[in-house]
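Colleague: I should be grateful for a close look at a single helix of this model, together with the part of the chain that covers its buried side.

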Amino acid sequence: MSKTLAFEEPIVKLREKINELEEYTAVNDVDLSSEIVNLKNRLVKLETEIYESMEPWDRVQVARHPERPTTMDYITRLFENFIEFHGDRNFGDDEAIIGGIASFEEMPITIIGHQRGKDTKENVKRNFGMPHPEGYRKALRLMKQAEKFHRPIICFIDTKGAYPGKAAEERGQSEAIARNLVEMAGLKVPVISIVIGEGGSGGALALGVANHIHMLENSTYSVISPEGAASILWKDSSLAKQAAEAMKITAPDLKEMNIIDEIIPEVLGGAHRDANKQSLEIRSTLRRSLKTLGELTSDELIDNRYNKFRSIGVFSE
């Protein structure tokens with residue numbers, strides 16, 4: 001059974017009621033089919049009502065779902081002949097970021113993405129998807145390689161943020177992120193970034209200076225977590241729900257402010273419900289983006305990226 005989120009409890013209770021009636025019917029040979037059909041119809045309606053009217057905090061919970069598909073889950077479903085590369089040629093290999101080359105519908109591409117774990121052991125190995133500086137330097141090495149061989153770059157963003165520990169700061173965490181921002185701005189090949197889960201702080205932006213930025217419907221993208229914002233603003237992290245509403249971190253809000261280019265629809269209930277079906281939605285978005293960006297020259301790609309970030313945001317005087 002998938003982990004149940006708080007706002008999903010009415011759905012779970014109704015499913016349990018349906019299961020109870022079906023079991024009772026099977027054991028006691030009683031015809032309750034009409035009642036079961038009515039409850040199933042109610043379930044469909046309830047799921048639609050709840051999942052199509054989620055509040056920002058609900059979307060935060062879905063984005064953090066432990067079973068939400070990771071970068072590697074999408075790589076295996078979207079690309080062929082993936083070869084992973086390791087190391088930054090300076091310090092070591094950071095397993096919180098994976099990257100390499102592959103083909104997308106016979107087109108050579110470079111893939112880079114945050115990678116978190118599926119269980120405690122893997123999360124420790126992946127540092128819970130929070131990269132060290134060598135992770136970002138590995139990402140930049142692969143980007144420059146892609147530029148050399150004229151391969152489009154596809155980035156998957158899914159991190160709470162860059163690792164804030166002492167060792168990361170000693171090895172130049174802020175410099176590594178800043179370097180990525182500068183270098184990505186001037187890449188001469190198409191760059192597409194997709195936020196597939198949490199997109200937190202500079203750790204996310206270090207893979208986010210792209211020509212096209214897309215987000216899964218229930219992902220988040222922000223400068224800080226709702227808990228962190230609540231702690232700073234109100235000295236109380238328990239007010240994270242209010243912070244999530246005020247911060248405008250969900251895909252619909254970010255699309256309205258021109259921070260992202262496209263919202264990728266999710267499977268009803270979240271991407272973790274059907275990773276294969278979700279991958280089809282991502283595939284169609286990638287296909288469109290690659291076709292559009294493939295028609296631009298190197299200079300046009302750089303200008304496109306520059307103008308995109310210069311025009312981001314909505315304000316009033």
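Modeller: Let us take helix α2. With 19 residues at 1.5 Å a residue, α2 should span 27 Å, and its end C-alpha atoms are indeed 27 Å apart, so the expected and computed values agree. Please bear in mind that this is a predicted model.

We may next ask which residues of α2 are buried. They are Ile-36, Leu-39, Leu-43, Glu-47, Ile-50 and Tyr-51. When one looks down the axis of α2, these buried residues fall within an arc of 80 degrees, and therefore they line one face of the helix. On the other side of α2 stand Arg-42, Val-44 and Lys-45, which are exposed. Buried here signifies under 20% relative accessible area, and exposed signifies over 50%.

What covers the buried residues of α2? The cover includes helix α1. The relation also holds in the other direction, since α2, residues 33-51, is included in what covers the buried residues of α1.

Helix α1 therefore deserves its own description. It comprises residues 9-28, 20 residues in total, and reaches 28 Å from its first C-alpha to its last, close to the 28 Å expected at 1.5 Å a residue. Its buried residues are Ile-11, Val-12, Leu-14, Ile-18 and Leu-21. Just after α1 comes Asp-29, which takes a positive phi of about 55 degrees.

Terms used: Residues numbered from 1 in each chain as written. Predicted model: local features only at pLDDT ≥ 70, side-chain atom pairs only at ≥ 80, totals over all residues. Heavy atoms only, no water. Helix = DSSP H or I, 4+ residues; strand = E, 2+ residues; numbered from the N terminus. Expected span 1.5 Å × (residues − 1). Buried < 20%, exposed > 50% of the residue type's maximum accessible area, 1.4 Å probe, protein only. Contact = heavy atoms within 4.5 Å. Arc of directions from axis to C-beta.
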